[in-house]
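Subject: Handover of a structure

Dear colleague,

Please find below the structure that I am handing over to you. My findings follow directly after it.

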Amino acid sequence: MTTYAAVYYYEARPNKEEDYTVHVFFPDLQAAGLPAITMGDNRDDAKEAAEDFLAISLDMAADEEKELPEPTPIEKIVLADFIESEGIKAFRIELDYVSV
């Protein structure tokens with residue numbers, strides 16, 4: 001089983017049927033030069049999308065013979081840097097692990 005930390009962030013969707021979108025960002029995948037973000041309409045949707053996304057990304061890394069970094073522990077992820085660099089306008093942010 002492979003486990004990576006993920007940043008879940010909620011952004012409002014004005015004028016849409018759903019009130020918000022939940023984005024899931026994998027800092028370690030971005031550091032490895034892989035696609036690093038997926039999303040869902042709610043937390044459960046986003047978690048399922050994140051699991052599928054992580055599995056596909058790991059397969060992609062293997063196919064491209066990219067070396068993956070050691071997973072970063074959640075307590076070492078610096079959210080301020082992430083929010084500033086990505087221009088995030090989230091009303092809620094959570095950290096969690098995703099495993100496949």
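I begin with Glu 64, which counts as partly exposed at a relative accessibility of 44%. Please bear in mind throughout that the model is a predicted one. Glu 64 takes part in a salt bridge with Lys 66, where the closest N and O atoms lie 3.7 Å apart. Lys 66 is likewise assigned to the partly exposed class, its relative accessibility being 31%.

This pair belongs to a wider set, as the structure contains 5 salt bridges. Four residues, namely Arg 43, Arg 92, Glu 94 and Asp 96, are joined in a network of such bridges.

Within that network, Arg 43 and Glu 94 are paired through their side chains, with an N to O distance of 2.7 Å. Arg 43 belongs to helix 2, which covers residues 43–63, while Glu 94 belongs to strand 4, which covers residues 92–99, so this salt bridge ties together parts that are 51 residues apart in sequence. The two partners fall into separate accessibility classes: Glu 94 is buried, because its 16% relative accessibility is under the 20% limit, whereas Arg 43, with a relative accessible area of 22%, is partly exposed.

Arg 43 also forms a salt bridge with Asp 96, and here the closest N and O atoms are 3.2 Å apart. This second pair again links distant parts of the chain, since Asp 96 is in strand 4 and Arg 43 in helix 2, with their positions 53 residues apart in sequence. Asp 96 has a relative accessible area of 25% and is therefore partly exposed.

I turn now to the nonpolar interior. The largest nonpolar core has 25 residues, and those touching the most other members are Tyr 8, Val 24, Phe 26, Leu 29, Leu 54 and Val 98. At least two residues of this core come from each of strand 1 (3–12), strand 2 (20–25) and helix 2. The greatest contribution is that of strand 1, which provides 7 residues.

Which residues does Leu 29 touch, leaving aside those up to four places away in sequence? Its contacts are Leu 34, Pro 35, Ala 36, Phe 53, Leu 54, Ser 57 and Leu 68. Leu 54 thus appears both among these contacts and among the core residues that touch the most other members.

Helix 2 therefore recurs in two of the topics above: it holds Arg 43 of the salt bridge with Glu 94, and it supplies at least two residues of the core.

Yours sincerely

Key
Residues are numbered from 1 along each chain as its sequence is written. This is a predicted model: local features need pLDDT of at least 70, side-chain atom pairs count only at pLDDT 80 or more; totals for chains, interfaces and linings use all residues. Side-chain values use heavy atoms; hydrogens and water are left out. Helices (H or I, at least four residues) and strands (E, at least two) are DSSP runs, numbered from the N terminus. Buried means under 20% relative accessible area, exposed over 50%, partly exposed in between (1.4 Å probe, protein chains only). A nonpolar core is a set of buried Ala, Val, Leu, Ile, Met, Phe, Trp, Tyr and Cys residues joined through side-chain atoms within 4.5 Å. Contact means heavy atoms within 4.5 Å.
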